[in-house]
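Subject: Structure for you to look at

Dear colleague,

I am handing over the structure below, together with notes on what turned up when I went through it. Please keep the view open beside the text as you read.

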Amino acid sequence: MSKVFFITGAGRGLGVDIARRALDAGHRVVATGRRPEGVVKALGGEQNNLLVTSVDLTDPDTVEAAVRAAVERFGRIDVLVNNAANFFAGYFEVVSPQQMREQIETNVFGPMNVTRAVLPVMRERRAGHIMTISSLAGLVGQEFCAAYTTSKFAVEGWMEALRLDVAPFGIRTTTVEPGFFRTELLVDASTTWPERIVDDYAESTAAQIEGWKSMNGRQAGDPAKLAAALVKVAEQDEPPVRFVAGADAITAVEAQAKELLAQVGASRELGWDLAHDDAA
């Protein structure tokens with residue numbers, strides 16, 4: 001059955017691939033971005049099943065206007081894909097407080113703003129699916145990614161709680177944790193490099209920036225294949241709560257799960273029986 005997809009960040013990268021795949025599969029798509037003309041161009045022009053709207057994730061008014069336009073055009077929203085994000089790179093001490101706030105504003109409060117606007121539409125129908133693109137960085141920490149990892153761990157926690165909040169209304173959630181895909185996250189429009197200089201980090205910062213820039217466009221993951229998989233997930237009656245995407249991500253998450261179990265085991269002796277004060 002045809003669904004109505006509402007996709008953020010649909011002007012480039014993974015968002016374009018998801019929108020294209022959904023359209024090819026016969027679904028209707030609301031594709032959003034800061035520059036609608038760029039979204040239309042990226043998707044090959046105007047189409048009957050396509051509505052392109054302007055959205056700034058940090059501006060709830062633009063989000064609410066886009067949701068109203070979606071309902072007016074297609075009558076409902078079945079699948080929300082929180083895809084838009086950016087990347088503030090750097091070691092914690094070289095990421096400025098303002099950069100950290102901007103990272104969280106876009107990657108955490110942004111999808112929250114969109115979801116808050118879409119939920120009443122889904123609750124009214126007692127049906128819907130919220131799919132949020134997190135990252136392997138939301139489960140496993142990585143050097144030079146303090147701000148980005150913070151934002152994605154926050155997304156993970158929010159989605160864990162949200163799924164319990166909305167389940168009584170027939171709304172499902174899926175948190176997507178991709179590894180390294182060629183999604184344009186590392187292009188200049190999406191990546192911000194450190195603005196502070198700390199001598200102890202200067203040499204490693206320069207090496208990290210060179211390494212990250214050289215990786216752009218050479219990541220192993222194919223975003224078109226990821227988009228196809230995500231559309232299939234959205235078409236399922238019982239979609240998974242988590243979707244770990246890419247061999248690199250699956251391997252890393254499996255290792256992280258083993259490490260967490262090992263840490264729990266190491267905590268058992270001192271951490272188990274803390275419910276009573278023996279001295280009382």
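Contact is taken here to mean heavy atoms within 4.5 Å, and angles are those between N-to-C directions, running from 0 to 180 degrees. Please also bear in mind throughout that this is a predicted model.

With that in hand, helix α7 (residues 223-235) lies across β1, β4, β6, β7 and β9, and runs at about 155° to β6. Helix α4 likewise packs on the sheet, where it touches β1 (4-7), β4, β6 and β7 (171-178), and its direction makes about 175° with that of β4.

The sheet itself is open and has 7 strands, in the order β3-β2-β1-β4-β6-β7-β9, with parallel pairing. The edges are taken by β3 (50-54) and β9 (242-245), each of which has a single partner strand, so that one side of each is left without a neighbour in the sheet. From one strand to the next, the twist averages 15°.

Going through some of the pairings, strand β4 (residues 79-82) and β6 are joined in the parallel sense over 4 bridges, and V79 stands opposite H129 in β6. β1 and β2 also pair in the parallel sense, over 4 bridges, with F6 opposite V30 in β2. On the other side of the register, β2 and β3 pair in the parallel sense over 5 bridges, and V30 has L51 as its bridge partner in β3. The crossover of the chain from β2 through helix α2 (residues 36-42) to β3 is a right-handed β-α-β crossover, and β1, helix α1 (residues 14-24) and β2 likewise make a right-handed β-α-β unit. As for strand β2 (residues 28-33), 5 of its 6 residues are buried, so this strand is largely enclosed by the rest of the structure.

The other matter concerns the aromatic rings, for which the count comes to 3 aromatic pairs, taking rings whose centres lie within 6.5 Å. In one of these, the rings of Y91 and F144 have their centres 5.1 Å apart and their planes at 75°, and because an angle over 60 degrees counts as edge-to-face, the pair is edge-to-face. Y91 lies in the loop between β5 (87-88) and α4 (97-125), whereas F144 lies in the loop between β6 (128-133) and α5 (146-166), so the pair ties together parts that are 53 residues apart in sequence. Both rings belong to buried residues: Y91 has a relative accessible area of 10%, and F144 has one of 2%.

Y91 also forms an aromatic pair with Y201, and this one is stacked, at 5.2 Å centre to centre and 25° between the planes. Since Y91 sits in the loop between β5 and α4 and Y201 in helix α6 (residues 199-215), this pair ties together parts that are 110 residues apart in sequence. Y201 is partly exposed, with a relative accessible area of 23%. Y91, F144 and Y201 thus form one aromatic cluster.

With best regards

How values were computed. Residues are numbered from 1 along each chain as its sequence is written. This is a predicted model: local features need pLDDT of at least 70, side-chain atom pairs count only at pLDDT 80 or more; totals for chains, interfaces and linings use all residues. Side-chain values use heavy atoms; hydrogens and water are left out. Rings of Phe, Tyr and Trp (its six-membered ring) pair if their centres lie within 6.5 Å; planes under 30 degrees apart count as stacked, over 60 as edge-to-face and the rest as tilted. Helices (H or I, at least four residues) and strands (E, at least two) are DSSP runs, numbered from the N terminus. Buried means under 20% relative accessible area, exposed over 50%, partly exposed in between (1.4 Å probe, protein chains only). Two strands pair if DSSP finds at least two bridges between them. A crossover is right-handed if, with the strands pointing away from the viewer, the path from the first strand over the helix to the second runs clockwise.
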